[in-house]
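Open the structure in your viewer and keep the selection tool at hand. We will go from the whole chain to a few spots worth zooming in on.

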Amino acid sequence: MLDKFKDECGVFGIFGNPEAANLTYLGLYALQHRGQESAGIVTADGEHMRASRAMGHVAEAFDEASLQALPGHLAIGHTLYCTAGQSRLSNAQPFLIDCSHGQIAVAHNGNLVNAGELRDELVRSGAIFQTSSDTEVLLHLYARSKAPSIEDALVDSVAQIRGAFSLALLTKDRLIAIRDPHGFRPLALGQLGDAWIVCSETCALDLIGATYVRDIEPGELLVISAGGLRSIKPFPPSPLSQCVFEHVYFARPDSYVFGRSVNDVRTELGRVLARETPVAADVVVPIPDSGVCAATGFAEEAKLPLRMGLIRNHYVGRTFIQPQQSIRHFGVKVKLNPVRSILEGKRVVLLDDSLVRGTTSRKIVKMVKAAGASEVHLRISCPPTISPCFYGVDTPSRAELIAATHTIEEIRKYVGADSLAYLSLDGLRAAVGTGQRSYCTSCYTGVYPVAFPRDEHAYLQLALKVVD
Ligand code: SF4
């Protein structure tokens, strides 16, 4: 409904708790913001594996009966936002297959940039695919591996895939976590009593009362079994490319991602933005919910009051997310309503975390002015988004990204603001704070850390530059 990059997926896994399915269900609740199309859980009890997957939110996908039908002390779960493939039940994860290495289930966050190429090769050699998901490619490679052990077969198959992958895998008696060597997507390790947990964000640990231990490292393969934890780093090291957009928008502010509090980073983005783009104003108003942290930092730094001048209706169902233009336009008003007593006669700094097509911002600026604001100064707590993502985030094509085809002044005119300013790339890097080379910033630079072997021409029309 709002004009944002779409979240990717959430993964969760637990080893060593008799309530594994219930805890995974709770973990998926905490990760719901990462994907709302489908949810699934696979459990194992040392002998048997069982799966339950359904379309919709976690609350819709499971009930007491379906959770009771998932016994076992091991489980993995997944919330899906479809970035590769279509939104349908056959694409809902975790996938569970049986092959010469035994049963294995996989939950994947990310996007494999060479999945199409690998899939074509596999199909030519007789493979039959049941889904349109890139993740199924990995399972075919695993099933075909002649390696003698599960771990070796995983190393063998994962070594052939490229791109972004934070994986939770389950066999009948072990939980395995793998993070790609670039570390695009987060993956945390936690502990609850004797049980071990892996999850996309630490907010899932908080919900079940688990403690954060550390991040799964880029390029790490961690096996958790009755014998304990075994970590190996079998893949060639690659330059770190952690997704900076996790901090800008995706992750929940109560999570720690890539070793830093999302709330702290987001607030700092606002502070830096206030220093870089000062403006005479009376009040700072966030576009809720995602603009709140940055607005707090902006208001602190600018010594302006922060007021909730836009109220979000949290109960708008997905029924409003319809392809028809008429319903979409209505949707913004359903979701956000201005508070006239805060806005009337005020010079307003309107704070948002990102601006993708500009269509929603235009409506919100109009709404704030209609509520009586004398001036609206739009501030965006990240740089202009000029290029799409190929690493597990659903983005419009380059042609649809307003900053790719328009100057800032043209965008200002389009959204109807009195002024418009973005955070600089240097400001973003300074706020994130761990050195320029740690983060992927491709959607702001058009420079891509992992090349695209397939259909390179089509990709390069979208990408400005690929370095690998
Ligand atoms: S292109 Fe943007 S959204 Fe995609 S991984 Fe890089 S920083 Fe994240």
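Here is a short tour, one selection at a time.

**Stop 1: the whole chain.** Start with everything shown as a cartoon, and keep in mind that this is a predicted model. You should see 18 helices and 25 strands in the protein chain. Of its 468 residues, 56% count as buried. Switch to a surface for a moment: the chain exposes about 18300 Å², and carbon and sulfur atoms supply 51% of that area. Among contacts between residues at least 6 apart in sequence, 69% join residues at least 24 apart.

**Stop 2: an open sheet.** Next, select the 7 strands that line up as β3-β2-β4-β1-β10-β9-β11, an open sheet with antiparallel pairing. Which strands stand at the edges? They are β3 (49–55) and β11 (211–215); each has a single partner strand, so one side of each is left without a neighbour in the sheet. Look along the sheet, too: neighbouring strands are turned by 15 degrees against each other on average, direction ignored.

**Stop 3: one edge of that sheet.** Zoom in on β2 (residues 38–44) and β3, an antiparallel pair joined by 7 bridges. Pick A44 here, and you will find M49 of β3 standing opposite.

**Stop 4: the helix across the strands.** Now add residues 20–30, which make up helix α1. What does this helix lie across? Beneath your selection are β1 (9–15), β2, β4 (74–80) and β9 (188–192), with α1 running at about 25 degrees to β4.

**Stop 5: aromatic rings.** Show the side chains of the aromatic residues; the whole structure holds 10 aromatic pairs. One of them is F390 with Y448, a tilted pair at 5.2 Å centre to centre with 45 degrees between the planes. This pair links distant parts of the chain, 58 residues apart: F390 comes from the loop between β21 (375–380) and α14 (402–405), while Y448 belongs to strand β24 (residues 447–448). Are these two residues buried or exposed? Both F390 and Y448 are buried. Now extend the selection to F184 and Y391, which form one aromatic cluster together with F390 and Y448.

**Stop 6: a charge over a ring.** For the last view, select R119 and F129. The charged end of R119 sits over the ring of F129, 4.2 Å from the ring centre.

Conventions:
Residues numbered from 1 in each chain as written. Predicted model: local features only at pLDDT ≥ 70, side-chain atom pairs only at ≥ 80, totals over all residues. Heavy atoms only, no water. Pairing = 2+ DSSP bridges. Helix = DSSP H or I, 4+ residues; strand = E, 2+ residues; numbered from the N terminus. Axes fitted to C-alpha atoms, helices over the stretch in contact; angles between N-to-C directions. Contact = heavy atoms within 4.5 Å. Phe/Tyr/Trp six-rings, centres within 6.5 Å; stacked < 30°, edge-to-face > 60°. Buried < 20%, exposed > 50% of the residue type's maximum accessible area, 1.4 Å probe, protein only. Lys NZ or Arg CZ within 6 Å of the ring centre and 35° of its normal. Areas by Shrake-Rupley, 256 points an atom, 1.4 Å probe, with all protein chains shown as cover.
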